[in-house]
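User: I am new to this structure and would like a close look at a single part, its cysteines. Please take me through them carefully.

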Amino acid sequence: MDEKETLYPFGWKDKIGYMTGDVGCNLVLSMANSYLLVFYTKVMGVSAAIIGTIFMLARFVDAFTDVTVGRLVDTRTDKRGERFRPWIAYFSVPLVISSCLMYNYLLANAAMTWKIVYLIVTYILFGSVFYTAVNIPYGAMSAVITNDPQERSSLSTWRNIGANVGGLLLGILIPLIVYVTDEDGNQVASGPRFFWLAVVLGILALGALLWCHRWSIERIRLKNKTEDSGKENRSLRVILDLFHDKTLLLNFGYSIFIYAAMQVFMTFNQYMFLDYFGNTTMSGIASIVMFAGTMLAAPFATKFGAKYGKKEVSVVGLALSTGSYLLMFLLRVDSILLYFVGIFVAFFGVGLMSMICFALTNDCIDNHYLETGVRAEGTVYAVNSFLRKMAAAVCNGLGGWGLAVIGYQELAAVQTESVRQNLYTLSVGLNLLCFALTLLFLILFPLNKKKIDENTRKLAELNAKE
């Protein structure tokens, strides 16, 4: 590993530039994860169970595309010696175009078969091809922006701030824009508004991704592995080695379930306020409450993570999240105010973990390198990305199947009382399960502060020798 071409010291420019990458990714991804199910049920009239099945089946495509991109990133550099930035530049435009195409309301009156085929094609192009080609290199790039543990923690914090900024914009704006009032005074989804909002968000996402590309620096230049021979070139062997690494397996585990918890919240948030509380305007406030809880945790996560350890702080945070949702599940709150208090406490706990979780992944990559002698940044992020997208698909699938099981009527303006109560159980119960499983994986995770400090010293010695 060679280090060279540092144009300026690590600082605010790196943090802001890296943050904008997650803003861009989440403007399109969060809309798809939170509202594509709503769009296809409420506007296109497709069964929620069918959509959930499509979301699940698309993940089998990801098993190939994610790993392929990860291995390409790990083994190839461009003429300038850069490995990650070129992917962001080349695939941002196709990503935005494919995002907009998913919300083609003009097919609302088409035959059901054509609507389903169109959903499959556009969803795979968006999530399995173009999002993969941008997000995996973006995620892995943090490992070569700096090798300092504290600087990596700050990148992780700013990345999560970017993700939450994107989520906040969507949470506030979308419910105010995509719903209109019908002649009977009921709030219904508008197809044209979905499409034009997707176009506006796509333009904003493109600007953010190109900004990330412009301000990011690959300070640590990795060798082009196509020039090497031996173990690192055998892609299947590298991937299998990851699944023999207990630390990485536990990292994958808690990453899956914390991501699943976020997806459950975003998937059911619209249905909770549309059908349980009967107030879609307040769903935007819920997003603000979630954002406020997560952001309030940011300074504590970075400071306490450096002092007490990233794992240790994460365990405390997820204990808060699990406890909050357990109380909401048992009490079955029907007050919006109490619901807001519950999600504020829960996402403050999530913030304590999520602000430093990407730094923990980099620590896992370093630990894997020390144990095997193989650097696999792109492959680790590819597997992590695949598993997180699988979790999102499972959540969307469970959402679609769950709505079908409880008797949810897609085109009905008002749901029955039984459906309302079952919707609460489904939404809060799934979040509780995800938080509890995340906490379990974190407790078992072996990279505590002592171990990470030890690995940092070993890496410094190796870098000095190289």
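Analyst:

**Cysteines and disulfides**

A search of the whole structure finds zero disulfides, a disulfide being a pair of cysteine sulfur atoms within 2.5 Å. In general terms, a disulfide is a covalent bond between the sulfur atoms of two cysteines. This is a predicted model, in which local features need pLDDT of at least 70 and side-chain atom pairs count only at pLDDT 80 or more, while totals for chains, interfaces and linings use all residues. Residues are numbered from 1 along each chain as its sequence is written, and side-chain values use heavy atoms, with hydrogens and water left out.

For C100, the closest cysteine sulfur belongs to C25 and lies 15 Å from the sulfur of C100, which is too far for a bond. C212 is likewise in no disulfide, and the nearest cysteine sulfur to C212, that of C25, is 7.9 Å away.

As for exposure, C100 is buried, with a relative accessible area of 12%, and C212 is buried as well, at 0%; here buried means under 20% relative accessible area, exposed over 50%, and partly exposed in between, using a 1.4 Å probe and protein chains only.

Cysteine also belongs to the residue types that can make up a nonpolar core, defined as a set of buried Ala, Val, Leu, Ile, Met, Phe, Trp, Tyr and Cys residues joined through side-chain atoms within 4.5 Å. The largest such core has 142 residues, and those with the most contacts inside it are M31, F194, Y325, Y339 and I343.
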